[in-house]
Amino acid sequence: QEYVLIKLEVLPPDHGQDRHGKMERLLKRIEDEGKRGVYLVPATLRPETMYGQTNCFVLPDGEYGAYYIDATDELFIMSERAARGLSCQAYDAANDVYFTKEFGKIDKWETFSGDELLGLPLKAPHATYERVYTLPLLTISMGKGTGVVTSVPSDAPDDYVALKALKDKPDFAAKYGITPDMVDPFEVVPIISIEGYGDASAVFMCEKLGITSFNDKAKLAQAKDETYLKGFTTGIMTVGPYSGKKVSEAKPLIKDEMIAAGKAHLYFEPESKVVSRTN
Ligand code: ZZB
């Protein structure tokens, strides 16, 4: 499985977050050592939807680490499994540069539980919002991608349902230290128009199928499959430099541009067997 890692830069905590001070210490350390930044790195199959990001999701009980990436001189926050996967992959295959200096060797600077990452302000590439926040999502699988998910409620039904729940139930959000300013200003951003589904297909499908919570598992799966398929086959971009182009045409162009600009990297999901560097 080929994913695209998106780099969401961690900004200095502004209020109430980082209750153990780990992020503050990490940001201080990278400044002292002249490293380039700390990023949450969600894995996505839909890089063309980054214009519609409203937040990032982590699993509150999940275990994450901040790993040093030699190729970019930055720290990436992700699951240990994903860090191991990256350390076995080329950053720039043409020039024989790998993500970490030593094949398969990871360098963890800090450990975070998901709830220690909640509420952190982030700068997300291509997003219309200047800063977005890290919010809880209980359906994240730590065994897939990086365990970090970026949220596009216009086109991802799961994201729409999760963000709506946090907005509609401030008491639930407060349990995770999420304050209304981290969710209320973030409206769905229409980015792709699909004939018969409008310009926010996830919202359309959730309303059409009457999905109100994560308990509607079968309906959510149906909504996801349908928006995925329709988005790719008949969707038209309505924002960005490829506005007016088909999603299927814009997607590889946007992906390549983000990678060339250092805003994203390719990430191959590790299979059970690790592929050797020489083959
Ligand atoms: C942005 C995005 C925009 C996504 C969209 C989807 C959609 P799949 O097909 O099941 O592999 N994701 C990534 N990692 C995880 C994880 N560990 N746990 C739960 N969800 C995860 O799903 C890949 C998609 O699931 C990824 O692409 C990511 O969300 C999420 F408009 O990134 B996506 C209709 C879907 N639309």
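## Reading the ligand shell and three residues

Guide: We can start with T227, whose side chain reaches the backbone oxygen of K224 at 3.1 Å. Keep in mind that this is a predicted model.

Visitor: Where does T227 sit, then?

Guide: T227 is in helix α7. Its side chain also reaches the backbone oxygen of A223, at 2.8 Å.

Visitor: How do I read burial here: is T227 buried or exposed?

Guide: The idea is to look at relative accessible area, where under 20% means buried and over 50% means exposed. T227 comes out at 2%, so it counts as buried.

Visitor: And E130, buried or exposed?

Guide: E130 has 73% relative accessibility, so it counts as exposed. You'll find E130 in the loop between β11 (121-123) and β12 (132-136).

Visitor: Which residue is paired with E130 by a C-alpha separation?

Guide: That's T54: the two C-alpha atoms are separated by 9.9 Å, while the residues are 76 apart along the chain.

Visitor: What about Q17, which is also in a loop?

Guide: Q17 belongs to the loop between β2 (8-10) and α1 (22-32). Its relative accessible area is 10%, so Q17 is buried. For polar contacts, look for N or O atoms within 3.5 Å of each other. The side chain of Q17 makes such a contact with the side chain of D14, at 2.8 Å.

Visitor: On to the ligand. How many residues surround it, and which are the closest?

Guide: There are 19 residues around the ligand, and the closest are T44, S141, K144, D155 and K224. By type, the shell divides into 10 nonpolar, 5 polar and 4 charged residues.

Visitor: Which atoms pair up between the protein and a nitrogen atom of the ligand?

Guide: A backbone N or O atom of S141 lies 2.6 Å from a nitrogen atom of the ligand. On the oxygen side, a polar backbone atom of L45 is 3.4 Å from a ligand oxygen. An N or O atom in the side chain of K224 is 3.2 Å from an oxygen atom of the ligand.

Visitor: How much of the ligand's accessible area does the protein cover?

Guide: Compare the ligand on its own with the ligand in place. Alone it has 720 Å² of accessible area, and the protein covers 89% of that. The ligand sits in the largest pocket.

Visitor: Which elements give two or more residues to the shell?

Guide: Those are β4 (43-44), β13 (148-151) and α7 (217-234). The largest share, 3 residues, comes from α7, the helix where we found T227.

Note on methods: Residues numbered from 1 in each chain as written. Predicted model: local features only at pLDDT ≥ 70, side-chain atom pairs only at ≥ 80, totals over all residues. Heavy atoms only, no water. Near = heavy atom within 4 Å. Polar contact = N/O pair within 3.5 Å; in protein donor to acceptor, adjacent residues only side chain to side chain. Areas by Shrake-Rupley, 256 points an atom, 1.4 Å probe, with all protein chains shown as cover. 1 Å grid on protein atoms, 1.4 Å probe; cavity = no way out; pocket = protein on both sides within 12 Å on 5 of 7 lines; lining within 4 Å. Sits in = over half its atoms within 2 Å of the grid points. Helix = DSSP H or I, 4+ residues; strand = E, 2+ residues; numbered from the N terminus. Nonpolar A, V, L, I, M, F, W, Y, C, P; charged D, E, K, R; others polar. Buried < 20%, exposed > 50% of the residue type's maximum accessible area, 1.4 Å probe, protein only.
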